[in-house]
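I opened the notebook to record what I looked up, taking the packing of helices before anything else.

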Amino acid sequence: MSVLQGARIVVGVAGGIAAYKAADLVSKLVQAGALVDVILTAHAREFVTPLTFGALSQRPVWADLWEPTGMAAARHIELAAAAQALLVAPATANTIARLAHGLADDMLAAVALATTAPLLIAPAMEHHMLQHPATQANLALLAARGAHIIPPETGRLASGEIGTGRLPETATLLGALRQVVGRGGDLAGRRVVVTAGGTQEALDPVRYIGNRSSGRQGFALAEAARDRGAQVTLIAGATALPTPYGVTRIDALTAAAMRAAVLAACVEADALVMSAAVADFTPIAVAEHKIKKREVASSDGADLVLRLQRTPDILADLDAVRAQYPGLIRVGFAAETREVAAAGRDKLARKGLDLVVANDVSQPDSGFGSATNTVTLFHKDGRTEALPSLPKTAVAAHIWDAVVALLAQR
Ligand SMILES: Cc1cc2nc3c(=O)[nH]c(=O)nc-3n(C[C@H](O)[C@H](O)[C@H](O)COP(=O)(O)O)c2cc1C
């Protein structure tokens, strides 16, 4: 279940050109199961209408503290008390200044003062406005008070210039909210390491031996752990996926780089989930220049013979780290195309793991690239859990449930 299911989120929209993007944010929040109360500043209403936000949130939209019914005046305290998070997106330079100085001159500013819920600010403005010492000082003041400043992105601004000041994508804003709402979860205070994606072993400067891993299961694991309060290090091989918000990503494209990154990241970690597809073999020598057809020396000039050597066994090498930090929970993946159960059990025993997640990657709805996965969990206490075909996010939740149980036994 999404951490946003049933969460009370207040979205404050200020009068910036990116106000239209807040409609998509509210729509996605509602789709994730959140109860969303939207507050528009008076200037936001110059850009977007309450009608749009009311239709998307299916709740009243709060715009005017001075509404003659007096409803909004009382409502701001109610909203402030109920909120699990207040996200201001887009946050204008003006609203950032008002919040930094504790003004309460409209509904949004009044709720921001009255709530004890975490405050998230997504600044969006022309780059000189953002870089102005006044704006920077206001943001620093808010951050020092514990507000989460979601860094604006660099790219084309509404002015036509390229610079920093763009409102981040909806997925990033959602990631920030999920992290904040989930921070008291059952992995709070835990440090976890997740590996994801496939490795690429170079043959020459332009070619490599790779595999079909997309990284989706590993990225889903990283996001799920973040949403349960963990501090997450994601060691990524080859993947096209964007870095989840709030996750520390380390790129490690080869088996050797992944080994080094895992060993370093696991120092003082609580759990390691190795979902990356790491090459078992790597070329003995990498050609300095692109291998050319006509230069390949073989009996008839038609064949190229590659000599490969075993890559290091990362889990075996981790024993030295475990000697220092014996509590590290280790979860391995077994991506197989036949005799999945036997392979899973064998890996559990052979590598002395706490849990093995085995899947048959030859199935269309399971494994590489697909949105779903059909896995069997092999626990070290002998239990076997065969899960049905599930979204990778749901598989991730099962794996973290098992890790939480193991952590509790430590
Ligand atoms: C067309 C237009 C676009 C604007 N875009 C931004 C913007 O992206 N960011 C910003 O900080 N201010 C922007 N402003 C200025 C704000 O609208 C102005 O500072 C206003 O007072 C903000 O009020 P509020 O913060 O209470 O919503 C823009 C103004 C206009 C007319």
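**Helix pairs**

I began with helix H9 (residues 216-227) and helix H14 (residues 392-409), whose axes cross at roughly 60 degrees and come within 8 Å. I therefore entered H9 as oblique to H14, and I noted that the crossing in which H9 passes H14 is right-handed. On the H9 side I listed Arg216, Gln217, Ala220, Leu221, Ala224 and Ala225 as making the contact, and on the H14 side Lys392, Thr393, Val395, Ala396, Ala397, Ile399 and Trp400. Sorted by class, the residues of this contact of H9 with H14 come out as nine nonpolar, two polar and two charged. I should state here that the model is predicted, and that I read each entry with this in mind.

Next I took helix H1 (residues 21-31) with helix H8 (residues 170-181), and found that their axes come within 10 Å and cross at roughly 50 degrees. That angle makes H1 oblique to H8, and here too I wrote down a right-handed crossing, with H1 passing H8. The contact is formed by Asp24, Leu25 and Lys28 from H1, together with Thr170, Leu173 and Leu174 from H8. In the contact of H1 with H8 I have three nonpolar residues, one polar and two charged.

**The chain as a whole**

I then stepped back to the protein chain, for which I have 14 helices and 22 strands. Taken along the principal axes, its C-alpha atoms fill a box of roughly 90 × 55 × 40 Å. I looked up burial as well, and 45% of the 410 residues of the protein chain count as buried. Among the contacts in the protein chain with a separation of 6 or more, 68% are accounted for by residues 24 or more positions apart.

**Nonpolar cores**

Which residues have the most contacts inside the largest nonpolar core? I find Val11, Leu86, Leu87, Ala89, Leu120, Ala122 and Leu177 named there, in a core of 63 residues. I followed Leu177 further, and, leaving aside residues up to four places away in sequence, Leu177 touches Leu4, Ile9, Ala85, Leu87 and Leu120. A second core, separate from this one, has 59 residues, and Ala252, Cys266, Ile329 and Ile399 are among them. I had already met Ile399 on the H14 side of the contact with H9. As background I note that in soluble globular proteins nonpolar side chains tend to be buried together.

**Backbone details**

I checked the backbone last. The peptide bond joining Ala89 and Pro90 is cis, with omega about -5 degrees, and Pro90 is found in strand S4 (residues 85-91). Ala89 was already in my notes as one of the residues with the most contacts inside the largest nonpolar core.

Where does Gln58 lie? I place Gln58 in the loop between helix H2 (50-57) and strand S3 (61-62), and its phi is near 55 degrees, a positive value in a residue other than glycine. Gln58 has 9 other C-beta atoms within 10 Å and is therefore exposed, since 12 or fewer is the cut-off for that class.

Glu268, which is not a glycine either, has a positive phi of about 70 degrees. I find Glu268 in the loop between helix H10 (255-265) and strand S14 (271-274). Is Glu268 buried or exposed? With 11 C-beta neighbours inside 10 Å, I entered Glu268 as exposed.

Terms used:
Residues are numbered from 1 along each chain as its sequence is written. This is a predicted model: local features need pLDDT of at least 70, side-chain atom pairs count only at pLDDT 80 or more; totals for chains, interfaces and linings use all residues. Helices (H or I, at least four residues) and strands (E, at least two) are DSSP runs, numbered from the N terminus. A residue is buried if 20 or more other C-beta atoms lie within 10 Å of its own, exposed if 12 or fewer, and partly exposed in between; C-beta atoms are placed from the backbone. A nonpolar core is a set of buried Ala, Val, Leu, Ile, Met, Phe, Trp, Tyr and Cys residues joined through C-beta atoms within 7 Å. Two residues are in contact if their C-beta atoms, placed from the backbone, lie within 7 Å. Axes are lines fitted to C-alpha atoms, for helices over the stretch in contact, and angles run from 0 to 180 degrees between N-to-C directions. Angles under 35 degrees count as roughly parallel, over 145 as roughly antiparallel, 65 to 115 as roughly perpendicular and the rest as oblique. A crossing is left-handed if the near helix is turned anticlockwise from the far one by less than a right angle, and right-handed if clockwise. Ala, Val, Leu, Ile, Met, Phe, Trp, Tyr, Cys and Pro count as nonpolar, Asp, Glu, Lys and Arg as charged, and the others, Gly among them, as polar.
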